[in-house]
Amino acid sequence: MALNRKITLNTGAQVDIVGLGTWLSQPDEVRKAVKYALQNGYRHLDCAYVYCNEDEVGQGIKESGVPREEIFITSKLWNTHHRKEYVKSAVKASLKALGVDYLDLYLVHWPVAFTNSGTPEETPTVPTLDYLIPKKDGKLQIDTVDPLETWSAMEELVQEGYVKAIGLSNYNIEKISNILKHCKIKPSMLQVELHPALLQTELVEFCHKHEIGVTAYSPLGNNVYGEERVVDDPVIVSIAKKLGKSPAQVCISFAAQRGIVVIPKSVTPSRIKENFQDFILDQQDFDAIVAALGTRNTRYNDPGTKDWNVKIF
Ligand code: NDP
């Protein structure tokens, strides 16, 4: 059985269930990866201002020769841009770097705001680390911005044609509910960490009930802090072996067959291809993965606790 390769957003737009993640690549890698992915069938790219490589992604798009309108492009509003006066200059910076004139989806990246000591006009197209993580006397400068102020500025981006849809990332049920209660335009997507060791069952059910799509980031259980990865877990490896598939394909199918969009990152051509293949786990294998890993609740991406001294989850 083949995967249902698209999901429909609450705007009516369709998005490929497997997209390419673009975080954490060495200079020039992501340009080649994007070009290769687009030339080998991908039509969905996950980007962000904070990845500091949207210019390279843009070059890859251009070199691929694939028309802009065939590609679903997501980017994300960084924490230094939550005040309403910065939101438009932030999206304009991403658009300029990517070399496109609209985004298909724009997400508030984290429910945490940082102080911006510059002006909106000074927003760099490709930022430096000092700009992204503003510190004073070595201390991170946290700002208090009402999430509804940010959301209403996001809504204006839709109304003015900069972006086709808006959404959230790393928000929990309580924070999404606050947006739902006061919004004019509902979020179309929630992007969160999700893999066999972090099922996010309640959050996914909540989003689907409210017609908010869900995207799984770090779907292979990649661990940037260097601990174990889900793709190396013995249960995942043995199921993959039994099926003649790769552990990454098992993890990707595990999310996709729950109706969740998956954005594995790779800069390796063979893996980019492998991650895009159709494949469905049967119920028995799916259940075996849930039984073995599903109660672990392993969250690899928690910069709030690890770096920012802010409680997010
Ligand atoms: P992933 O779970 O996608 O894992 C990426 C890692 O797995 C890379 O080291 C990659 O190596 C390796 N890999 C890729 N394919 C395979 C394969 N078939 N077999 C074995 N290893 C493989 O982790 P990410 O954290 O990068 O998440 C994916 C994307 O999600 C990001 O790139 C980003 O776009 C988004 N994201 C969003 C966040 C948010 O806050 N909204 C936070 C984190 C990520 P290599 O590249 O060398 O092939």
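A crossing of two helices is called right-handed if the near helix is turned clockwise from the far one by less than a right angle. I note this before anything else, and I also note that the model I am reading is predicted.

**Entry 1, helix 3 and helix 5.** With that convention in hand I looked up how helix 3 (residues 84-98) lies against helix 5, and the crossing of the two is right-handed. Their axes come within 9 Å and cross at roughly 40°. Since an angle of 35 degrees or more but below 65 falls in the oblique class, I record helix 3 and helix 5 as therefore oblique to each other. On the side of helix 3 the contact involves Lys84, Val87, Lys88 and Val91, which meet Glu149, Thr150, Ser152, Ala153, Met154 and Leu157 of helix 5. Sorted by class, this contact holds 5 nonpolar, 2 polar and 3 charged residues.

**Entry 2, helix 5 and helix 6.** I then turned to the other partner of helix 5 on my list, and found that the axes of helix 5 (residues 147-159) and helix 6 (residues 173-182) come within 10 Å, with a crossing at roughly 55°. That angle makes helix 5 oblique to helix 6, and the crossing is again entered as right-handed. Helix 5 contributes Pro147, Leu148 and Trp151 to the contact, while helix 6 contributes Lys175, Asn178, Ile179 and His182. I count these by class as 4 nonpolar, 2 polar and 1 charged.

**Entry 3, the sheet.** Next I traced the strands and found that 8 of them form an open sheet, in the order 3-4-5-6-11-12-13-14, with parallel pairing. At its edges I find strand 3 (20-21) and strand 14 (261-262), each of which pairs on one side only. Within the sheet I looked closely at strand 6 (residues 105-108) and strand 11 (residues 166-169), which run parallel and are joined by 3 bridges. Which residue of strand 11 is the bridge partner of Tyr106? I find that it is Ile166.

**Entry 4, the ligand.** Last I listed the shell around the ligand, where 27 residues are found, and Gly21, Leu220, Asn222, Ala248 and Lys265 come nearest among them. Which helix gives the largest share of this shell? It is helix 10 (residues 269-275), which supplies 3 residues. By class the shell divides into 10 nonpolar, 13 polar and 4 charged residues.

Methods: Residues numbered from 1 in each chain as written. Predicted model: local features only at pLDDT ≥ 70, side-chain atom pairs only at ≥ 80, totals over all residues. Near = placed C-beta within 6 Å. Helix = DSSP H or I, 4+ residues; strand = E, 2+ residues; numbered from the N terminus. Nonpolar A, V, L, I, M, F, W, Y, C, P; charged D, E, K, R; others polar. Axes fitted to C-alpha atoms, helices over the stretch in contact; angles between N-to-C directions. Parallel < 35°, antiparallel > 145°, perpendicular 65-115°, else oblique. Contact = placed C-beta atoms within 7 Å. Pairing = 2+ DSSP bridges.
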